[in-house]
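I opened my notebook with a plain plan: look up the parts of this chain one by one and write down what I find. Follow along with me.

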Amino acid sequence: MKETLEQLKPRFEQALAAALGAEYAGVDPILVTASNPKFGDYQANVALPLAKQVGKPPRAIAEQIVLKLDVNDFCENPTVAGPGFINLTLKPAYLEAQLQKINPDPRLGIASVKHPKKVIVDYPSPNIAKEMHVGHLRPAVIGDCLSRILEFIGHDVVRLSHVGDWGTPFGMLIAYLQKAYPEALTTDENLNLGDLSSFYRQAKKQFDTDEGFKEAARQAVVQLQAGEEKTILAWKIVCQLSSRAYRVIYDLMGIAPFIERGESFYNALLAETIEELEAKGLVEIDAGAKCIFLEGFTNKEGKPLPLIVQKSDGGYNYATTDLAAIRYRVNVDKAQRVIYPVGAEQTNHFAQIFQVGKRAGWITDEVEFFHAPFGLVLGEDGSKLKTRSGEAVRLKDLLDEAIAHARKDLESRLKEEGREETEEFINHVAQVIGISAVKYADLSQNRNSNYIFSYDKMLALQGNTAPYMLYAYARIQGISRKGGIDFEQLGDNVKVVLQHETELVLAKHLLQLDEVISTIEEDLLPNRLCEYLFQLSQKFNQFYDRDRGVPVLNAEEPQRTSRLVLCNLTARTLKLGLSLLGIPVLERM
Ligand code: ARG
């Protein structure tokens, strides 16, 4: 209800001027959502900080303002509470009109931003000379979700995967390709190099056991950096192989397409990036390496910490590439906001490169660079999630297992309910529930924290989980099936009537999605959307509860249609909200 808040502001301006004098018109009314629904919907805290200036107790000031406050068209009579809070309660008629207004809108009243920005989201940015493991989960899930939200509200979002596609780790893979598949280098056809994981494993085995092969791998790195043609070709083949295998898993996860613009893309720009830093007087030589001494970062002796941008052997590093990327994103991409959903362990890295970006004049007030950090995925024992043999869990295994668990749950539920379903239905539902559970468990935590990965918790039908949310949606579709009603046929000009407390509570919640999305646009915390959807499901369940709620299909008109509209709006809000999390819905489950 951003619109409601916007409407309230000028009313307060008038009231402040009328009550206290024209010079008070511009004072911020400090409008917030009421902390307790008992006190109404909104609360204005303006009177409290004014006490000193006006020379009266805040309560008296609040009462003066209320006398002049004209909000009769959409609020009940404002009241003053506590030390001087002004409480506002929206009128049912106003809520009814708002719901009638958003009902025909496929966007459910969520407007696009007035000033769309060019936003780059740097994700999932894996290092591709490895198999995908659990560490690849969060950047993909969080980056995908943030991109979807920003795009939905109208920003021009560019998803750029800063893949680690260069350097030492590729030596081993190139050498292995040259040795095991020499024909790959002489034909244009796409050779079948087997699945990527066995390719990696074979290469690693050779590397660990064969000294000659190790030397070949080292040579391959040198050749790669020198731009030797055949080696570059082999490197490209390995990258493509890797990209394709990664895409299969991203597709399984429902991660939208993104552009791969890896570290190698910036190779040709590294020298000029350093030249510019040198020309701006930022570079110093320290033990033969080119560095930039950082402000606010010190070593153990309390001396400024150097950020190495070119090693003494002339080689560049991760930071150099990221600096070239910052420069490119500002100068060429013309980005206005650049978001890096990357693990919290890289917090210093980003603080450092952003500092250098600012000192170099690339990052100005016109463009925001933001590291959106996230914590680790932990095992049930509270340490980093590992397999029994101590390796990082492969992402594919983790997803497959989630699907298998979901399938088991589903099959026992079907048995309990005495339902027969086709194999196709079971496969589909198990896959959607399994993958959604993993994604939702990740997104529903504040991204800054670590979380414990538990199949049991994420697949529970109760609580803040994907299955609970999917079930709420499917249940509403069940109402339409049971009543033989096509929600779409209810029409756009239906009348909404709100009488029962649970109807009012649900109605207000339905109207709050735009505020939630605006907040996420600022602080980039997807768990806010999960929390909103969870509360929506709970409020719907209360509304639909046999004892505490109201009848729907058995209600009289005009309540019946109105309540069906509330059902449909809830379902559509769930569907939209889940789609922004990257989660599809199920009509039945
Ligand atoms: N490839 C890096 C890693 O796996 C993440 C890159 C994040 N993006 C960036 N521009 N540094 O740790």
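These entries go from the domains to the loops and then to the helix pairs.

**Entry 1: the domains.** I noted at the start that this is a predicted model. I looked up the domain assignment, which gives domain 1 as 2-90, domain 2 as 118-163 + 265-371 and domain 3 as 169-255. Domain 2 is thus written as two stretches, 118-163 and 265-371. Next I checked the centres of domain 2 and domain 3, taken over C-alpha atoms, and they are 27 Å apart. Domain 2 gives nine residues to the contact and domain 3 gives 14 residues. On the domain 2 side that touches domain 3, I wrote down five nonpolar, one polar and three charged residues.

**Entry 2: what the record says.** I turned to UniProt, where an unreviewed entry lists "domain: Arginyl tRNA synthetase N-terminal" at residues 6-90. In the model, residues 6-90 are 40% helix and 15% strand, and the end C-alpha atoms of this span lie 14 Å apart. The unreviewed UniProt entry also places "short sequence motif: 'HIGH' region" at residues 126-136. How much helix and strand is there over residues 126-136? I found 0% helix and 0% strand, with the end C-alpha atoms 7 Å apart. Another feature in the unreviewed UniProt entry is "domain: DALR anticodon binding", at residues 469-589. For residues 469-589 I noted 63% helix and 0% strand, and a distance of 12 Å between the end C-alpha atoms.

**Entry 3: loops to look at twice.** I went through the backbone angles next. Is the peptide bond from Tyr-123 to Pro-124 cis or trans? I found it to be cis, with omega near -15°. Pro-124 sits in the loop between strand 5 (118-122) and helix 5 (137-152). I also found a cis peptide bond between Glu-557 and Pro-558, where omega is about 5°. Pro-558 belongs to the loop between helix 19 and helix 20. Leu-108 caught my eye too: its phi is positive, about 55°, although Leu-108 is not a glycine. I located Leu-108 in the loop between helix 4 (92-102) and strand 5.

**Entry 4: helix 19 and helix 20.** A reminder to myself: two packed helices are described by the angle between their axes and the distance between the axes. For helix 19 (residues 527-544) and helix 20 (residues 559-580), the axes come within 10 Å and cross at roughly 160°. How do the two run relative to each other, parallel or antiparallel? Angles over 145 degrees count as roughly antiparallel, so helix 19 and helix 20 are roughly antiparallel to each other. Their crossing is left-handed. On the helix 19 side, the contact includes Leu-529, Tyr-532 and Phe-540, and on the helix 20 side Leu-566, Thr-570 and Gly-577 are among the residues met. By class, I wrote down ten nonpolar, three polar and no charged residues for this contact.

**Entry 5: helix 16 and helix 20.** Helix 20 came up again, this time with helix 16 (residues 466-483): the axes come within 9 Å and cross at roughly 145°. This crossing is left-handed. Among the residues in contact are Met-469, Tyr-473 and Ile-476 of helix 16, and Cys-567, Thr-570 and Lys-575 of helix 20. The contact of helix 16 with helix 20 has nine nonpolar, two polar and one charged residues. I noted that Thr-570 of helix 20 is listed in the contact with helix 19 and also in the contact with helix 16.

How values were computed:
Residues numbered from 1 in each chain as written. Predicted model: local features only at pLDDT ≥ 70, side-chain atom pairs only at ≥ 80, totals over all residues. Domains from an automatic or database assignment. Contact = placed C-beta atoms within 7 Å. Nonpolar A, V, L, I, M, F, W, Y, C, P; charged D, E, K, R; others polar. UniProt positions renumbered as here; feature names shortened; annotations may be inferred. Helix = DSSP H or I, 4+ residues; strand = E, 2+ residues; numbered from the N terminus. Axes fitted to C-alpha atoms, helices over the stretch in contact; angles between N-to-C directions. Parallel < 35°, antiparallel > 145°, perpendicular 65-115°, else oblique. Left-handed = near helix turned anticlockwise from the far one by under 90°.
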